[in-house]
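Let's take a walk through this structure together, following its charged side chains first and a helix afterwards. Have the viewer ready and turn the model as we go.

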Amino acid sequence: MPSGGSSAYRVVGYLAAGLVVLVVGVWLGGHPSWLPSSLRNAFVQDSGGRLVNQATDIITHDYYRPLNRGQLLNKGISAMVTSLDDPYSHYYDPSAYRSFLNTSNPHLSGIGIDVVPDPMGLRVVDVFPRSPAARAGLAHGDLIVKVGPTPLTDRSADFASRLIRGPAGTHVTLTVTRGSAHRVVSIVRAKLVVPVASGSIVTYKGIRIGVLDLTAFTDGAGDELRTDVRKVLRQGAQALILDLRENGGGLLDEAVNVASIFVPDGTIVSTDGRSQPRQVYMAQGNAIAPRIPMVVLVDRDTASAAEIVTGALKDRGRATVVGTHTYGKGVFQEILPLTNGGALDITVGEYFTPNGQNLGGGGVREGGGIQPNVYAVDNPRAPGDQALTVAERAVVAKLR
């Protein structure tokens, strides 16, 4: 009987002590500044962090095979980003991020190819003569499905291209498919000086037209194009065609620079995001061809910065858009370094044309893009460039 009463008192005592600890813990949780820093971290550490550490500890300690904790965390972060279901958001592990930081202008250090996105990877659309890619036997139509050990399925073109690019003299290994054949090629990167812009004169029904081809929005692309615009104007161009087909985009500042060649003032594009303040990018005020009749030629591989320029010229009434529906990339990313030496490259905001249209239709997987004023598509079985012919006819019609 006395022992039973003693047990009851002990139980009550434990409950009271537990209640005191709970109350003190709750109070300290709401007033962490009262705690020493070492205890403060233990008390107020977020439950998500504790959960991740607990799961990692259990797996690394109890799994029947030995595991590398760092590799496990890398895969966990990668899976977390993959769960966003966003083809433009990626996790760079420390090694991949170091490689990215060493990447320079893709047309100055790489293997010498132009590519377009494909669900399985990158589709080669051009191989530069005497480039490392040409020496390795890559050809138009080849599909790059893996860079080193990294599969490219459902990866963005930006992510895949960054893996391929790198300092001159370094090696990159590509898995390439051609039809049903697969092969692995090792290529040594080299310094390549390949213009991203070019200009030429064509004649349609006696009218001289300046055809301007822009392949990417890399650093300096706007200045290169500006030089070519001046060149074709000196050669007597009466109208212009800006060919942005198979242009996967690039730098936002270069998009504004390019649009400012043709638009003298006003809005080019605006951006907005949950953690990003709304920002409006205006024409830079140094247009050299603000009135000459103009067409922008696009296709389904016209994306990102190329769509920004297309949308600006269309919305401002500066150019007629000829071609097909564009890709529809209406979001932009930010690279945020992590304490492990890696980085998150995640979507943080959306692009909007001057008329307020989101280029992606309001979401990373909702489609969207820019609808052409005049539909035109090439027939690969027919000779010549049918879409360019439609563009020539459309721009000459603006002169009449």
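How many salt bridges does the count come to? Keep in mind as you look that this is a predicted model. With a side-chain nitrogen of Lys or Arg required to lie within 4 Å of a carboxyl oxygen of Asp or Glu, the count comes to 10 salt bridges. We will visit some of them in turn.

A good place to begin is Arg 178, whose side chain meets that of Asp 142 in a salt bridge, at 2.6 Å from N to O. The two partners belong to distant parts of the chain, 36 residues apart: Arg 178 sits in strand β7 (residues 171–178), while Asp 142 is in the loop between α6 (132–135) and β5 (143–147). Their surroundings are worth a look as well. Asp 142 has a relative accessible area of 1% and is therefore buried, since buried means under 20%. Arg 178, at 45% relative accessibility, counts as partly exposed.

Now move along to Arg 245. Which side chain does Arg 245 meet in a salt bridge at 3.1 Å? The partner is Asp 378, with that distance taken from N to O. This pair also links distant parts of the chain, 133 residues apart, with Asp 378 in the loop between β19 (374–375) and α11 (386–397) and Arg 245 in the loop between β12 (239–243) and α9 (252–262). Arg 245 is buried, with a relative accessible area of 16%, whereas Asp 378 is partly exposed at 33%.

Arg 245 has a further salt bridge, to the side chain of Asp 385, at 2.8 Å from N to O. Asp 385 lies in the loop between β19 and α11 and Arg 245 in the loop between β12 and α9, so this contact ties together parts that are 140 residues apart in sequence. Asp 385 counts as partly exposed, at 26% relative accessibility. Add Asp 243 to the picture, and you have a network of salt bridges that links Asp 243, Arg 245, Asp 378 and Asp 385.

From the loop that holds Arg 245, you can step on to α9. Why is α9 described as largely enclosed by the rest of the structure? The reason is that 10 of its 11 residues are buried. Among them are Leu 252, Glu 254, Asn 257, Ile 261 and Phe 262.

How values were computed:
Residues numbered from 1 in each chain as written. Predicted model: local features only at pLDDT ≥ 70, side-chain atom pairs only at ≥ 80, totals over all residues. Heavy atoms only, no water. Helix = DSSP H or I, 4+ residues; strand = E, 2+ residues; numbered from the N terminus. Buried < 20%, exposed > 50% of the residue type's maximum accessible area, 1.4 Å probe, protein only.
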